[in-house]
Each structure stands twice: as C-alpha cells, then as structure tokens.
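Some labels given to a structure rest on cut-offs, and it helps to see how each one is reached. The turns below take a few such labels and set them against their criteria.

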Amino acid sequence: MQFFAPDRRDAELAMEKTLLARVSRDNLARLHKRFAREPHVAGSAGDARVVDAIAEEFTSLGLSVEKHPFWGYLAKPVSGAVEIVAPGRMTLTVKEPPIAGDKYSEEVGPSLGWNAYSGSGEATGKVVYANHATRQDFDKLQELGVDVKGKIVIARYGGNFRGYKAKFAEEAGATGLIIYTDPHDSGYMQGLMKPEGGWSTPTQIQRGSLKTLPYSGDPLTPGKEATSDAERLDPSSVALPHIPVQPIGWGAASKILSRMRGEPVPGGANGGWQGGLPFTYRLTGGEDLRVRVKVQQERKIEKSYNILATIPGSEYPEEMVIIGSHHDAWVHGAMDPLAGTILVVEAARLFAQRVKEGWRPKRSIVFAAWGAEEYGMIGSTEWVEARQEALGLHGVAYINLDGAARGLDLGSSASATLKAVLMDAAQAVTVASAEGEPTSTTVLEDWVKRTPDKENPNEPRFGNLGGGSDHVGFYCHVGVPSAGLEGGGTQGDTYHSLYDNVYWYKQILNDNYAAAEMITRVVAVATARLADADLPPFDAPRIGEDFVRHLRGVAAVAEKRDLTMSTSALEDAARNVAEQGQAAQRAILAVIASGSLSKDRRDRLERLYVALERLWIVDRPKSDRPWYRNTFAATDPDSGYGAWMLPVLREAISKNDAVELKRAEQTYLRVLESVRQTLVAAAAIAG
Ligand SMILES: [Zn+2]
C-alpha cells in the first residue's frame, strides 16, 4: 500500500475488498469441470477444444483475446512395452487401468504410460538399477565398478527431472531405460492408496517429457519464435534421446527388481538407494535376468496456441503484469495444470468486472493460458521469444500458477523484487480451514509459521526459481521479475497420471475449492498492486541482500571443489547495492507519501524501476548456455527442476576453471555496479 499515494489508498483498499469478496468457489468448480472434461495433450483435438473453451471464457468477460499460434516439435506415442525375457517370459503392464467409480478414467479406459521424446526402437539386455539416475548416481555406479554399457537401466522417479535420467543413462552407454514410481515416494509408504486414499497404486504411471536442451521452448527454434515458416534446426542435430525410455508403475518394476541377483545397493533406505519395495534392492540383475524395452513414437511439428486476454493500462499500456498457467495436460490435467489455469480465468473475471464498473489499472494486465508446457515450456517460451524487446523494456512481473491450488499451505519461489508484494498480498487474505470455513489467521501468518526463513524468522522461506514451468522464458531469458505460487498439503499424488482428473482432485483436496479461492485472492491483490500502484511495488533492497545469500551458497560449492573464490569484493558490492536499495526505497516511499510526485518524475522512476532486474541480463554468446541470459538465476543444468543461483559463477565452478571464475567475479562486479548506479539515479529523481 505504501506505493500508492495517500489519496489513492482508500480506493485501493476498497478495490481489493471487492476483489476478495467476489472470488467464487462455484465458478472455480465450474471452470474446472469444463476444462478438465477430456484428455487434452498438446496438439490434440481435445486440447484445441480446451483452447476454444478458455478463449470463450475470456471473450465472455468482454476482454480482448488473442489466440497466439505456434508450431512446436512434439512427440506422440505409438506403442510401448516392457518384458522380462529370461528366465521365463513375462510381459509387464505399461498401461494404467481405470478405477471403478472414477468416471473420467473409466471413459478413457486402459491408458499407455509414455515419456515424450523417447527414442524409438528396441533394446534387450541385462539390468542395472541406478537409483534416481542423477549424475551422482552414475558416478557412484562407476565408482562401484558397475558397467552400464549395453545394459537396460531401471531407475526410480525423483531426485531430478526425468529427462536427465535418460540423458545420463544414454551417456553411460545404456541401451534402454525404465523409469518407475517407487512406493517410498508415492504409494503405501506415504499413505493409503487409491481408491481408499490418494497415493499411487501399483499401476499408476508418471508420464512426462524427456527434453533437456540448453534452451527452453521449441526444440527446433532456439531463441526465435516457432512460426509456421521459421528457420528450423535439423531434428537429427538436436540432442533428444535416442534410447527407448518407458515409464511403469511399481507393481511392474517389482517384477524386475525382485529378480535381480547382484550386489545389494549402497546406503540403505535413509538417503541410500533402497526404495520401498519389500526386498533388498540390488545393483545388477546377475547372469540370467534379461529385460526388453520397446518404444515407438512419432516426432512431428504440430500447431498449438497460447490464449491471452488483456486489460489495457491507462497510463503505461505497453507495460505488462502477466498472470499465467498452461492449458495442455498429459491426460485430463485437473491438478497439473488446471488447478492453476482456473485461477487465471477467475482472476480475469474479477478484474474484467471492475473494468466494466469503470476501473482501469495504470499498467496492462495480461491473463495467459500457455500451450505445450508439458513438452518443455514451448508455448510460453515462443511467446516470450517473439516479444523479447518489448518484455525487456516493459515486462513488470510474471506470476506463474501452474497447478497452483494443491492445498492451503501457500508457498512461493520468487525473484528478489517481488517477495515483498507477495507477502503483502498474503497478509491481505485469510486462510480457510481444511473444511473450507473462514478463520482469522492471515495467509502470511500461516505461511511464516509453517516455513519460517532461517535468517529472518518473521518472513516465510522463499524458494529459488529453477526450471520446470512457464516462468523460465520470462525470467531466465528476458529477466522479467517472476514468481510461482503454489498451495501444498495434498494427501496424495496424481502427477501426470490417468488419475489427475476432477474425481481424484476432489477426493484428495475436499470438495470445496477453498485452496483455489484462497490463492486466487492472493494473486488478485498482488496483481492489483503491481498493475496500479504509483510505481511498481518492488523490493529494491532485497536484490543486494539476496545476492549476498546466494554468494555464500556458491562459495560453499566452490570450497567443496577446492577452488578459492575471493568473495569479499563481491559481498561488499552487494551490500552497497542493498544499502543503495534502501536509500532509493526510502526516497521513493517518502515522495509518494508526500503526494508531490510529479508526472514527469514518476515516468522517469517508472522506467528505471521496471527495468531493475533486467540489469542481470548479460549476453554471453560463448557460454555453455547462451540462451540463459539471466546472470542472477538459471535452471540447474544437471537436474532441471532446481535452480543455479549466480549461474556464471556456478558454470566456472562446475568446470573447475579458476581463470573463468575470476572473469565471472568481474562480470558480477560490473552488474552490481550498474544496479547500484540505477538505484542512485532513482534516489536522486525521487529526492
Ligand atoms: Zn504443469
């Protein structure tokens, strides 16, 4: 609220009160049922119908709607099979059966589990168990003298993005890969299974993409929009998997694992390689066991859409506050993504209604439903790549809501400048009880209580933005301040399975849409403030403070590798940035509070402030991943979901390159200095 001039604060409070009161659980439930009616994998007829349904919802609100087409390189399953061929023959199931009473799964029938971009072909051989198939796990196998060459690797989900399992298995010489869900992670070890509870049955299968390229988005058009006639890479030159990869449930996996006769796995169950099946896991299958994996897929370019609805800003129409979630799903996608997408559409309804009543935000608000996220953030990345320049100048914030309403335990990963506005928004909303009854506890209080920050226990712990969803293009490529919001606490798991439908969503999460309502409210308040405050309500001091924190993390990694990093110059520079951030913030809040900020000065401050986090964008054409231009954060190139903070330093450390590390330090000193100067300029204009 401090970013609103005193004479605007009452109106803003009234506005927020209206937004909070109007969030409708009934409408959220209606949208959910509508969008999750049928399977709608990207590029399918089902997905085209969901695209039309979302566009229709936006249009009915009176918003201007854009259907943005893109042509992405997708993969479709033809067949998949896993067999034990010796001793004896046994075909293992690769399909998920319907569950009685769950009409969505009954309508679909037995459904093939598959991993998009698997190689096509067949492999037969001995078996090696590789735990989570992380880089460390393959290093461990090598250390233990287990040869993976020519073998079929079996690995459990978890520990990294599944694409890296395929990448590392292939690099180690495996000829096929089986990925399964272990009951230690989802199944009877976690709680009751479906249909009694919400956890994985023996036949539940996690689908998902295997794409791990050094850029996000369409595999064939890195850095450029995937238009129909874009210049494309030759698919054979793109590092997609060659070996067949098949996901299965733990029922099928136990048939293989229980027949293995090699050495026991290291470490036991607590942090070791032992999973939750009732026998000792082993590293190798022994002399007799032979397994076959056979997968057929088609890779081809398919047309899909992003849908965008815009409320134009009154004062800075070119500036954008963007709220998004994807629409494509592996099957029905009730949780992933629609438990977020319905929040985007509901938030659009709230703001559209206010617009009809005469309200206009200063900055534009864009509500987005992205296509082909599941294949690797294709739609959102292509949209960003088409608008790099505009977003670079005018992108205020991107808030990602992929599958956000998973429970009432709010959590967030966010870039530095957005943390304060998210906490303020969470303070403006009260948390509901599990039964959906109102309480007097604010979402922020509840959040801090559950997960206090270690260094500052009055604040909640924020995660770092890594990979795995649609913020990647905005944040890692262009530097738009970004955040993901998500409620946790789900007692069960339907991730990328046939059971991710409205029936199981309601079974696991209550019938009441209280989580969806709560998170929509938080998003609505944050959006109202980001779009309509006198200046973007950014937390400027946090940039330097977070840098110091991340620097310590990076220095600890360097130390483990016996690399010396001189952090003191960087730490001093970051502290200066934090101090200058405080000075700028004080000056800005003072001039806003005085009510005497002239239009001319406000325009100049707006331009500086909006671009603050963009100062981290540095073109490094010679780096390993030039597409990842944000030097503050990138996705972890070895795990996919996680984040690499201060990635230029991390890259040098990972190569054990002391000279490059020195250069990286210089890069950060330069960027920190430009951030400091910008804050000095902002303070001068405000003062
Ligand atoms: Zn998703």
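Q: In this predicted model, what makes E12 and E14 count as paired strands?
A: Pairing requires at least two bridges between two strands, and E12 and E14 are joined in the antiparallel sense over 5 bridges, so the criterion is met. Within E14, Val366 is the residue that stands opposite Thr310.

Q: In which sense does E13 pair with E14, parallel or antiparallel?
A: E13 and E14 run in the parallel sense and share 8 bridges, with Ala368 of E14 as the bridge partner of Gly324. The chain passes from E13 through H8 to E14, forming a β-α-β crossover that is right-handed.

Q: How do you know that strand E14 is mostly covered?
A: Burial means under 20% relative accessible area, and 8 of the 8 residues in E14, which spans residues 363-370, are buried.

Q: Why is Glu302 called buried?
A: Its relative accessibility is 14%, which falls under the 20% cut-off, and therefore Glu302, located in strand E12 (residues 290-311), counts as buried. Beyond its neighbours within four places in sequence, Glu302 is in contact with several residues, including Phe70, Trp71 and Leu74.

Q: Why is the arrangement around the zinc ion called irregular?
A: The ion is coordinated by His326 (NE2), Asp336 (OD), Asp402 (OD) and Asp402 (OD), at 1.9 to 2.4 Å. A tetrahedral label would need all angles between 85 and 135 degrees, whereas the 4 donor atoms subtend angles of 55 to 140 degrees, which makes the arrangement irregular.

Technical notes
Residues numbered from 1 in each chain as written. Predicted model: local features only at pLDDT ≥ 70, side-chain atom pairs only at ≥ 80, totals over all residues. Heavy atoms only, no water. Helix = DSSP H or I, 4+ residues; strand = E, 2+ residues; numbered from the N terminus. Buried < 20%, exposed > 50% of the residue type's maximum accessible area, 1.4 Å probe, protein only. Contact = heavy atoms within 4.5 Å. Donors = N, O, S within 2.8 Å, 3.2 Å for Na, K, Ca; no water. Tetrahedral: all angles 85-135°; square planar, octahedral: opposite > 155°, others 65-115°. Right-handed = clockwise from strand over helix to strand, strands pointing away.
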